[in-house]
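Colleague: I have a new model open and I'd like to learn how to read it. Could you walk me through it, feature by feature?

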Amino acid sequence: IALLPVAYSWSCPEGSIETVDGCDCGTGFWYDGLSCVDINECQLYKPCQQGFCVNYVGTYDCICDDGFEYDGNTCLDIDECVEDFGICRGGQCFNLVGTYWCNCTMEGTAPCLQTCLPQEQCDVYERMQEQLNDVTQVFNNDL
């Protein structure tokens, strides 16, 4: 039996680069031996711990929770005390993960609506919230 030579031509997929180790498909892809395949960074790396990850072909994006911002890699806490100087209107601001807290140091002020306001305004706001809660409860009971 005579063996006939078989011509075999191998090359990397279009858009990739041939390397010593095989094919380099670029960021966001891996070479599976036949073609360049998208890496689902959301499933593999879980980069958006404080938000929602959206996978795209070759990349991903984070939709961050309130109090966080996307830096191109992940969701980072926003330091509201630095970003919005004076947010506590004369009180002392403390950054917390995803939010902040106001220590109202001026006499006659109280923490409400995530800032420091005169106590009378806070009292009005609290009464409005109680009335809204009452209406909501009545509405929910009627359903």
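**Reading the model together**

Modeller: Let's start with a strand pair. This is a predicted model, and in it β5 (residues 51–56) and β6 (residues 59–64) run antiparallel, joined by six bridges.

Colleague: Which residue of β6 does Phe-52 stand opposite?

Modeller: Look straight across from Phe-52 and you land on Ile-63 in β6. Then follow the chain round the turn: the hairpin of β5 and β6 has two residues between the strands, and Gly-58 there takes a positive phi near 85°.

Colleague: Fine, let me zoom out. How many helices and strands does the protein have?

Modeller: There are three helices and 12 strands.

Colleague: And how do I judge the overall shape?

Modeller: Compare the radius of gyration with what a compact globule would give. For 143 residues that would be near 15 Å, but this protein comes out at 29 Å. The box around the C-alpha atoms tells you about the proportions: roughly 100 × 45 × 20 Å along the principal axes.

Colleague: What share of the residues counts as buried?

Modeller: Here buried means under 20% relative accessible area, and 24% of the 143 residues count as such. The exposed surface is about 10,800 Å², with carbon and sulfur atoms supplying 55% of it.

Colleague: What about contacts between parts of the chain that are far apart in sequence?

Modeller: Take the contacts with a separation of 6 or more: residues 24 or more positions apart account for 13% of them.

Colleague: Now the disulfides. How many does the count come to?

Modeller: The rule is a pair of cysteine sulfur atoms within 2.5 Å, and by that rule the count is nine. Let's take three cases, beginning with Cys-25 and Cys-36, which are joined with an S to S distance of 2.0 Å. The pair links distant parts of the chain, 11 residues apart: Cys-25 is in the loop between β2 (22–24) and β3 (29–31), while Cys-36 is in strand β4 (residues 36–38).

Colleague: Why is the disulfide of Cys-25 and Cys-36 called left-handed?

Modeller: Read the torsion about the S-S bond. It is about -80° for this pair, so the disulfide is left-handed.

Colleague: Are Cys-25 and Cys-36 buried or exposed, and how do I tell?

Modeller: Check each one separately. Cys-25 counts as buried because its relative accessibility is 11%, whereas Cys-36 has 25% and is therefore partly exposed.

Colleague: What's the next pair?

Modeller: Cys-104 and Cys-116, with sulfur atoms 2.2 Å apart. Cys-104 lies in the loop between β10 (99–103) and β11, and Cys-116 in strand β12, so this disulfide ties together parts that are 12 residues apart in sequence. The link is left-handed, with -95° about the S-S bond, and both Cys-104 and Cys-116 are buried.

Colleague: And the third case?

Modeller: That's Cys-112 with Cys-122, where the sulfur atoms sit 2.1 Å apart. Cys-112 is in strand β11 and Cys-122 in helix α3 (residues 119–142), distant parts of the chain that are 10 residues apart. This link is left-handed too, at -75° about the S-S bond, and the two cysteines are buried.

Colleague: What does strand β11 pair with?

Modeller: β11 pairs with β12 in the antiparallel sense, over four bridges. Cys-112, the disulfide partner of Cys-122, stands opposite Thr-115 in β12.

Colleague: How should I read the turn of that hairpin?

Modeller: Count the residues between the strands, then check phi. β11 and β12 have two residues between them, and Leu-113 in the turn has a positive phi of about 55°. Note that Leu-113 is not a glycine.

Colleague: Where else should I look for a positive phi?

Modeller: Try Arg-89, which has about 45° and is not a glycine either. You'll find Arg-89 in the loop between α2 (80–83) and β9 (92–96).

Colleague: Why does Arg-89 count as exposed?

Modeller: Because its relative accessibility is 52%, and the cut-off for exposed is over 50%.

Colleague: Last one: how far can I trust what I see?

Modeller: Turn to pLDDT. The protein averages 88, and 92% of the residues score at least 70. Over residues 1–8, though, pLDDT stays under 50, and the model has zero contacts beyond four places in sequence for that stretch. Where pLDDT is low, the predicted coordinates should not be read in detail.

Key: Residues are numbered from 1 along each chain as its sequence is written. This is a predicted model: local features need pLDDT of at least 70, side-chain atom pairs count only at pLDDT 80 or more; totals for chains, interfaces and linings use all residues. Side-chain values use heavy atoms; hydrogens and water are left out. The radius of gyration is taken over C-alpha atoms; the globule rule is 2.2 Å times the number of residues to the power 0.38. Buried means under 20% relative accessible area, exposed over 50%, partly exposed in between (1.4 Å probe, protein chains only). Contact means heavy atoms within 4.5 Å. Accessible areas come from the Shrake-Rupley method with a 1.4 Å probe; for residues, only the protein chains shown count as cover. Two strands pair if DSSP finds at least two bridges between them. pLDDT is the predictor's confidence in each residue, from 0 to 100.
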